[in-house]
Amino acid sequence: MIISFKHKYIFIKNRKVAGSSVQYILKKYLFDFDIDISSQFRLHDHELEKSMEFDKKYLDNINIDSNFDQHASFFEICDYLKINLNEAKKNFFIFCIERNSYDKAVSSYEFSRKKKKPDGTLKCPYLKNFRDMFDYPKLIPSDWNKYSKENQIFVNQIYQFDQLDQLINDLNKRFNNKIPKQELNNIKLKSGYREFNQYKKYFNNETKNAVNYFFQKEIQYFNYKF
């Protein structure tokens, strides 16, 4: 999550959509460390091994308590700023990223089943297969309620996971900036967990129906296809 008072934008950080990488890039190119606000995100497992590749100042929380949810909703952010929804939309460009729900569910499963505690033990040892994830709602990365209310979208722009190049282009145009396109390839945080590149290999009828149920709003609104 980023709130930029200098550039007048709010980035809502949804789950499993390259949010950490985008947050890092935003803090590197479009962030004022004196007045802007950023939530912290924590590296896991293999990311700790390569953490020296990244500048720590772009990883840490800035001007906010470290316990503030990095995946806070637009409404929680408004509460924190003590402004209403319309006032926020009037004064900030508010954007987030979404992803095909079937692909997103697989990404969350692989991340959750492989991440470890500081002592090296698995954080979610109960995840024996993809089906198991749907018994644990906190692991299901439906973010519909982070940017919508009563089925009304409350953000200015929702970029798709496969539109990140367009996101960078739009940011450069909007803020007269020059974020290099290659940054998306150079900065890849919280990646490398998945066994198969094709998400369809994880599914059977039961797990497909589970995604249809938990991600019903996103699938309908964005017309996501299996």
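This is a short dialogue on reading burial, cores and contacts in a predicted model.

Q: Let's start with the cores. What should I keep in mind when looking for a nonpolar core, and how many residues has the largest nonpolar core here?
A: The general idea is simple: in soluble globular proteins, nonpolar side chains tend to be buried together. In this predicted model, the largest nonpolar core has 44 residues, and those with the most contacts inside it are Phe74 and Phe130. The elements giving two or more residues to this core are helix H3 (74–81), helix H4 (85–91), S4, H5, helix H6 (144–147), H9 and H10. H3 gives the most, with 5 residues.

Q: Which residues does Phe74 touch, beyond those up to four places away in sequence?
A: Phe74 touches Ile12, Leu85, Ala88, Lys89, Ile94, Lys146 and Phe154. Apart from this core lies another, of 21 residues, with Ile2, Phe93, Phe95 and Ile97 among them.

Q: Now helices. How many of the residues of helix H1 are buried?
A: For helix H1 (residues 19–29), 9 of the 11 residues are buried, so the helix is largely enclosed by the rest of the structure. The buried residues are Gly19, Ser20, Ser21, Val22, Gln23, Tyr24, Ile25, Leu26 and Lys27. To see what covers them, look at strand S1 (2–4), strand S2 (9–11), strand S3 (37–38) and strand S4 (93–98), and also at helix H7 (164–175) and helix H8 (183–186), which are included in the cover.

Q: Which residues of helix H9 are buried, and where do they lie around the helix axis?
A: In helix H9 (residues 205–214), Thr207, Ala210 and Val211 are buried. Viewed down the axis of H9, the buried residues fall within an arc of 95°, so they line one face of the helix. The face turned away from that buried side carries the exposed residues Asn205 and Tyr213. Helix H5 (101–114) and helix H10 (216–222) are included in what covers the buried residues. While you are there, check the start of H9: a side-chain oxygen of Asn204 reaches to within 3.0 Å of the backbone nitrogen of Glu206.

Q: How should I read cysteines, and how many disulfides are found?
A: A disulfide is a covalent bond between the sulfur atoms of two cysteines. A search of the whole structure finds 0 disulfides. As for burial, Cys96 counts as buried at 0% relative accessibility, and Cys124 counts as buried at 4%.

Q: Let's try single residues. Is Ser148 buried or exposed, and what does its side chain reach?
A: Ser148 is found in strand S5 (residues 148–149). Ser148 counts as buried because its relative accessibility is 3%, and the cut-off for buried is under 20%. The side chain of Ser148 reaches the backbone oxygen of Trp144 at 2.7 Å. Not counting residues up to four places away in sequence, Ser148 touches Phe75, Ile153 and Phe154. You can also compare sequence and space: Ser148 and Ser73 are 75 residues apart in sequence and 9.1 Å apart, C-alpha to C-alpha.

Q: And Lys225: is this residue buried or exposed?
A: Lys225 counts as exposed because its relative accessibility is 55%, with the cut-off for exposed at over 50%. Lys225 sits in the segment after H10. Leaving aside neighbours within four places in sequence, Lys225 is in contact with Asn100, Tyr102 and Tyr199. Lys225 and Asn100 are 125 residues apart in sequence and 7.6 Å apart in space, C-alpha to C-alpha.

Notes:
Residues numbered from 1 in each chain as written. Predicted model: local features only at pLDDT ≥ 70, side-chain atom pairs only at ≥ 80, totals over all residues. Heavy atoms only, no water. Disulfide = S-S within 2.5 Å. Buried < 20%, exposed > 50% of the residue type's maximum accessible area, 1.4 Å probe, protein only. Helix = DSSP H or I, 4+ residues; strand = E, 2+ residues; numbered from the N terminus. Contact = heavy atoms within 4.5 Å. Arc of directions from axis to C-beta. Polar contact = N/O pair within 3.5 Å; in protein donor to acceptor, adjacent residues only side chain to side chain. Core = buried A, V, L, I, M, F, W, Y, C linked by side-chain atoms within 4.5 Å.
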